[in-house]
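Colleague: I haven't looked at this one before. Can you bring it up and take me through it?

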2 protein chains.
Amino acid sequence: MVTVDGMALGKDYVTQECSIARALEVVGERWTLLVIRDALYGVRRYNDFLVHLGIPRAVLAARLQTLTAEGILDKRRYQESPPRDEYVITDRGIALWPTLRSLGLWGREHFGETQLRSFRHIACDTELGTYGECPACGTAVPVQDVVMVPGPGLHPDPADPISRILLKPKRLLEPIEQPAAADPV
Amino acid sequence: MVTVDGMALGKDYVTQECSIARALEVVGERWTLLVIRDALYGVRRYNDFLVHLGIPRAVLAARLQTLTAEGILDKRRYQESPPRDEYVITDRGIALWPTLRSLGLWGREHFGETQLRSFRHIACDTELGTYGECPACGTAVPVQDVVMVPGPGLHPDPADPISRILLKPKRLLEPIEQPAAADPV
DNA sequence: TGAGCTGATTCAATGAATGAACCTAGGATG
DNA sequence: CATCCTAGGTTCATTCATTGAATCAGCTCA
């Protein structure tokens, strides 16, 4: 009885009359924002989230279910046989980009040594500002017009395949390319 | 031995090479962002956080300690006899305002029925944009130039005294006025 | 037939959150 | 001087969530 009925769970910030509290009821649990970050990076499959995040399977399953129920991810079938589903970020999830961008920038400015990734406006190759806007163009940049470019601080040879794919510049939202039935040496 | 030594605790997003993960190690625990929100609203005292948040005492004590250790709050003595301390938000904490603003806006847009609070640029009385900028002036608004104005959705007669104080428009960062040794009726 | 892949669920052990009770120091009251 | 009050905590038993290992189910492929 793991329950699907309602409960955003894990909290009752309930007494709080505050949109921030409301938001945190939905995305404030451990791992949740990292799942959404990965979804913005183009991760869509259970296994890809699993290896990239290093999250316990049970927790991942629970988070994907909640996020789907809240309309932040959309669970859709991408092949019939064998039946396989993927979790694709929705507009509601994409709308969290400014939050994640500013949170990441804060983390980098206050706790990061070297730059790990740069997010740039694809049209003019300018690093985005605090909330994801383009300082050069002076406009908000739609998430699909953002490229994530690896920075110097990144480990050059990560263990999991998703991190390895993310070593190359990549547009946000664009799905992770699935390794074509590897054929290693 | 509750430990003061190091551990940001609660997680090891450790494997994640990501500024967002780094940030969440610091502010990603339950209650933490709400404590910071309150600190931006001008809450400074243990008891005020306690009654306004409805947070368990032990958790509040732990969060205040961590946030102080991380340089987000500054614990300072405000009277000697009897000795009393208050927790004042630092620049590092203030730098989380764009994150909280965008998170709150997301919560309101996607899960709020009515507007609870409006945040406005004090100079021109314009509601702030996604990350706390002023759409009218086209500039980033320093947090101390923001007024929080209660909206129609707010409960008119809240139980705790801090919520009651926050029923009136109030500048961010400005300390909560302490009730002058009440003298009711 | 069996080995492998994807997407999970179950379970025992651990670790945090909760809420009530208690503690402490310094006033203030009578 | 005894008592009460306040601010700011700590302690503790219970509950709840997270963890990581093991297992499972449906399907394909050789």
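Modeller: This is a predicted model. Let's begin with α1(B): eight of its nine residues are buried, so α1(B) is largely enclosed by the rest of the structure.

Colleague: Which residues of α1(B) are the buried ones?

Modeller: They are Ser19(B), Ile20(B), Ala21(B), Ala23(B), Leu24(B), Glu25(B), Val26(B) and Val27(B).

Colleague: And what do the buried residues of α1(B) pack against?

Modeller: They pack against α2 and α6 of chain A, together with α2 (32-41) of chain B.

Colleague: Take α2 of chain A, then. At what angle do α2(A) and α1(B) pack?

Modeller: Helix α2 of chain A, residues 32-41, and helix α1 of chain B, residues 19-27, pack at about 170°, and their axes are 10 Å apart. That makes α2(A) roughly antiparallel to α1(B).

Colleague: Which residues make the contact?

Modeller: From α2(A), Leu33(A), Leu34(A) and Arg37(A); from α1(B), Ile20(B), Ala21(B) and Leu24(B). Five of the residues in that contact of α2(A) with α1(B) are nonpolar, none is polar and one is charged.

Colleague: Now α1 of the other chain. How do α1(A) and α6(B) pack?

Modeller: α1(A) packs with helix α6 of chain B, residues 97-111, at an angle of about 80°, with the axes 7 Å apart. α1(A) and α6(B) are therefore roughly perpendicular to each other.

Colleague: Who takes part in that one?

Modeller: On the α1(A) side, Ser19(A), Ile20(A), Arg22(A), Ala23(A), Leu24(A), Val26(A) and Val27(A). On the α6(B) side, Leu100(B), Leu103(B), Gly104(B), Trp106(B), Gly107(B), Arg108(B) and Phe111(B). The residues of the contact of α1(A) with α6(B) divide into nine nonpolar, three polar and two charged.

Colleague: What about α6 in chain A: how many of its residues are buried?

Modeller: 12 of the 15 residues of α6(A), so to speak most of the helix, are buried. Among them are Trp97(A), Leu100(A), Leu103(A), Trp106(A) and Phe111(A). From first C-alpha to last, α6(A) reaches 20 Å, close to the 21 Å expected at 1.5 Å a residue.

Colleague: Change of topic. What turn lays chain A on chain B?

Modeller: A turn of 180°, with a shift of 0.0 Å along the axis, and the RMSD is 0.0 Å. That is the relation of a two-fold axis.

Colleague: Which residue of chain A comes closest to the rotation axis?

Modeller: Thr99(A), with its C-alpha at 2.5 Å from the axis. Thr99(A) is also one of the buried residues of α6(A).

Colleague: Why do you say the copies meet through the same surface?

Modeller: Because 100% of the interface residues of chain A are also interface residues in chain B.

Colleague: How many helices and strands are there in chain A?

Modeller: Seven helices and eight strands. Chain A has 185 residues, and 49% of them count as buried. Looking at contacts in chain A between residues at least 6 apart in sequence, 50% join residues at least 24 apart.

Colleague: Anything odd in the backbone?

Modeller: Some background first: most residues other than glycine have a negative phi, and most peptide bonds are trans. Here, a cis peptide bond joins Ser81(A) and Pro82(A), with omega about 0°. Pro82(A) is in the loop between β1 (73-79) and β2 (84-89) of chain A. Chain B has a cis peptide bond between Ser81(B) and Pro82(B), again with omega about 0°.

Colleague: And which residues have a positive phi?

Modeller: Trp31(A) is one of them, with phi near 80°. Trp31(A) is in the loop between α1 (19-27) and α2 of chain A. Leu173(B) is another, with phi near 75°, and its place is in the segment after β8 (170-171) of chain B.

Colleague: Is that pair buried or exposed?

Modeller: Trp31(A) is buried, at a relative accessible area of 7%. Leu173(B) is buried too, at 17%.

Colleague: Last one: where is Gln178(A)?

Modeller: In the segment after β8 (170-171) of chain A. Gln178(A) counts as partly exposed, at 34% relative accessibility. Apart from neighbours within four places in sequence, Gln178(A) is in contact with Arg45(A) and Asp48(A).

Terms used
Residues are numbered from 1 along each chain as its sequence is written. Chains are lettered from A and ligands numbered from 1 in the order in which they are written. This is a predicted model: local features need pLDDT of at least 70, side-chain atom pairs count only at pLDDT 80 or more; totals for chains, interfaces and linings use all residues. Side-chain values use heavy atoms; hydrogens and water are left out. Axes are lines fitted to C-alpha atoms, for helices over the stretch in contact, and angles run from 0 to 180 degrees between N-to-C directions. Helices (H or I, at least four residues) and strands (E, at least two) are DSSP runs, numbered from the N terminus. Angles under 35 degrees count as roughly parallel, over 145 as roughly antiparallel, 65 to 115 as roughly perpendicular and the rest as oblique. Contact means heavy atoms within 4.5 Å. Ala, Val, Leu, Ile, Met, Phe, Trp, Tyr, Cys and Pro count as nonpolar, Asp, Glu, Lys and Arg as charged, and the others, Gly among them, as polar. The expected span of a helix is 1.5 Å times one less than its number of residues. Buried means under 20% relative accessible area, exposed over 50%, partly exposed in between (1.4 Å probe, protein chains only). Copies are superposed by least squares on the C-alpha atoms of residues with pLDDT of at least 70 in both.
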